[in-house]
Amino acid sequence: MSEHTESPDKLESMDPATGDVVGVHAVDDTASVDAAVARARASAGWWAGLGFDGRAEVLGQWRAVLTRRMAQLADVVHAETGKPHADAQLEIGLAIDHLAWIGSKAEKVLGRHRVSSGLLLANHSASVEYRPLGVVGVIGPWNYPVFTPMGSIAYALGAGNTVVFKPSELTPGVGVWLADSLREVVPDQHLLQTVIGWGETGAALCRADIDKLAFTGSTGTGKKVMAACAENLTPVVIEAGGKDALIVDEDADLEAAADAAAWGAFSNAGQTCIGVERVYVHEKVHEEFVALLSEKARAVHAGTDADAKLGPMTMTSQLEVVRRHVDDALARGGRAVVGGPEPVDERFAQPVVLVDVPEDSLAVTEETFGPTVVVNKVACMDEAIERTNAGKYGLGGAVFSGRRGPEIARQLRSGMTSVNSVIAFAGIPSLPFGGVGDSGFGRIHGADGLREFTYAKAVTRQRMKPVLNLTTFERTTEQDTLFVTLLTALHGRASQISKRPLRERVQAVRDRRRG
Ligand code: NDP
């Protein structure tokens, strides 16, 4: 995985636009990963004991630090990923907004609340709360080195866990900066620590004494993470890759759809898990849409000049994947209307718009993770849905339609869909984020994202003696018969939904038996 040539105890991070070294970090071996987890364990009780208000206060102070020093953090992100400074600020800003949501909503989502105890055990009160797990390990990628891991880090902290974070080997400085910034707020506790290194450090974290592992990265590495975690029965969240489609209906606002497709496909040089990699356009508007998208694609380029909207490919080995997918599409009869057949140089990939690409080609089936997009024609929206759902991934997606947007969106097999916009779901903190199929499982963000880092704790309290005590060796044959009769009355008929209290029902059964 590594493209660098460090000695094993030292990791150098580099500016991908120039190859200059921008940071040197000591590598954590298994012993130091275990030590970090032990420190996190020692702080876990303190953090959980602070309660929702205390934690909201700390997370609020951290949020203020992040906001005030956003430009400084964006400098680190820019240096390690090459993405434009303004784009780095955008991902940091979204992470800050999620932190605010967590602070204000954690208690409502996770705090103890009463639930119905049902008819059979109506003499009980019942409640549920969501307790922190303890220590959560987080393994993150390099493409959005703040926003993406913070989807796990901030939600795990908000739920009352401490965190040990293994950033990508390409963006260790961002991880260290994040941990240092929280340490400014709480200097004497280990709420968030980073462990630095390559895959071996990540594997050591998987095998350490953690209570859950949240992984974001490729599907292949996700499988290795699951296998390592399985050794200790450590549960996992897997946020893996995608091959998201954008669907354009015949009555869509084509200008808006083309603008969204261009942003979704090319921003961050296409290195976005929820980026647009395929577009399915109704045949009646395909030609016009391709013309609009092509115009927008020609207006952006990757480089280091002031006008460049796209940075370099952060992981240079990805350039070969982009080249292979474009070559394959062209060899199979696809056409490049923008860019190609040589879309890449040593560090930069330029936008490519491909049309008429066979559905079984690499550019349609595999994650490209570069600024290329396939635009294929469909006869109707049913065909667009079928093609979208044919892939092994199921992360996000978008639909542009005048009348049928939500209806089409609900038929797509993916975790998230934006209607008449692109990627909007990621910026709405109350919405869960995650995929199905090869895109992984589990959720970050929103109420589901908070609960992901907890265990449900159920408590019942008997408020009065039962009318029919089922859990005693004193139970009689008559009571057993009464139970069966009662159950038949309650559930025996499919359409029957009675609102009568259990006590009245038992009395009615007794009266019937007497009568
Ligand atoms: P990788 O899968 O290569 O790496 C992800 C993380 O796992 C890195 O920190 C990596 O460390 C670490 N790792 C590598 N090997 C192991 C191992 N054996 N055990 C434990 N950890 C290991 O992904 P990338 O960093 O290349 O990220 C890009 C991928 O992430 C794309 O597929 C993209 O779609 C996906 N992604 C998914 C998102 C989502 O929310 N669904 C969001 C963002 C990206 P190291 O870097 O040192 O190798």
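## Reading a ligand site and two residues

In this predicted model, the centres of domain 2 and domain 3, taken over C-alpha atoms, are separated by 59 Å.

User: Which domains is the protein chain divided into?

Analyst: Start with the residue ranges, and note that a domain can take in two stretches of the chain. Here domain 1 covers 53–240 + 446–456, domain 2 covers 245–429, and domain 3 covers 476–514.

User: Okay, and where does the ligand lie with respect to domain 1 and domain 2?

Analyst: Look at who supplies the residues around it. Domain 1 and domain 2 both give residues to the shell around the ligand, so the ligand lies between them.

User: How many residues surround the ligand, and which are the closest?

Analyst: Count the surrounding residues, then pick out the closest. You get 31 residues around the ligand, and the closest are Lys166, Ser218, Ala240, Cys273 and Glu367. By type, the shell splits into 14 nonpolar, 12 polar and 5 charged residues.

User: Which atom of Glu367 should I look at, and what does it lie 2.5 Å from?

Analyst: Check whether an atom belongs to a side chain or the backbone. For Glu367, a polar side-chain atom sits 2.5 Å from an oxygen atom of the ligand. Ser168 also uses a polar side-chain atom, 3.2 Å from a ligand oxygen. With Gly197, a backbone N or O atom lies 3.3 Å from an oxygen atom of the ligand.

User: How much of the ligand's accessible area does the protein cover?

Analyst: Take the ligand on its own as your starting point. Alone, the ligand has 900 Å² of accessible area, and the protein covers 94% of that. The elements giving two or more residues to the shell are helix 7 (199–207), strand 8 (212–216) and helix 8 (219–230).

User: Now single residues. Is His286 buried or exposed?

Analyst: Go by relative accessible area: under 20% is called buried, and over 50% exposed. His286 has 8%, so His286 is buried. You'll find His286 in helix 10 (residues 286–298). Setting aside neighbours within four places in sequence, His286 is in contact with Val281, Val375, Asn376 and Lys377.

User: And Arg114, buried or exposed?

Analyst: Use the cut-offs again. The relative accessible area of Arg114 is 63%, so Arg114 is exposed. Arg114 is part of strand 3 (residues 113–115). Leaving out neighbours within four places in sequence, the contacts of Arg114 are Ser125, Ala126 and Ser127.

User: What separates the C-alpha atoms of Arg114 and Ala257?

Analyst: Keep the chain and space apart in your head. Arg114 and Ala257 are 143 residues apart along the chain, and 45 Å separate their C-alpha atoms.

Notes:
Residues are numbered from 1 along each chain as its sequence is written. This is a predicted model: local features need pLDDT of at least 70, side-chain atom pairs count only at pLDDT 80 or more; totals for chains, interfaces and linings use all residues. Side-chain values use heavy atoms; hydrogens and water are left out. A residue is near a molecule or strand if one of its heavy atoms lies within 4 Å of it. A polar contact is a pair of N or O atoms within 3.5 Å; within protein, one must be able to donate a hydrogen and the other to accept it, and residues adjacent in sequence count only if both atoms are side-chain atoms. Accessible areas come from the Shrake-Rupley method with a 1.4 Å probe; for residues, only the protein chains shown count as cover. Helices (H or I, at least four residues) and strands (E, at least two) are DSSP runs, numbered from the N terminus. Ala, Val, Leu, Ile, Met, Phe, Trp, Tyr, Cys and Pro count as nonpolar, Asp, Glu, Lys and Arg as charged, and the others, Gly among them, as polar. Domain bounds come from an automatic or database domain assignment. Buried means under 20% relative accessible area, exposed over 50%, partly exposed in between (1.4 Å probe, protein chains only). Contact means heavy atoms within 4.5 Å.
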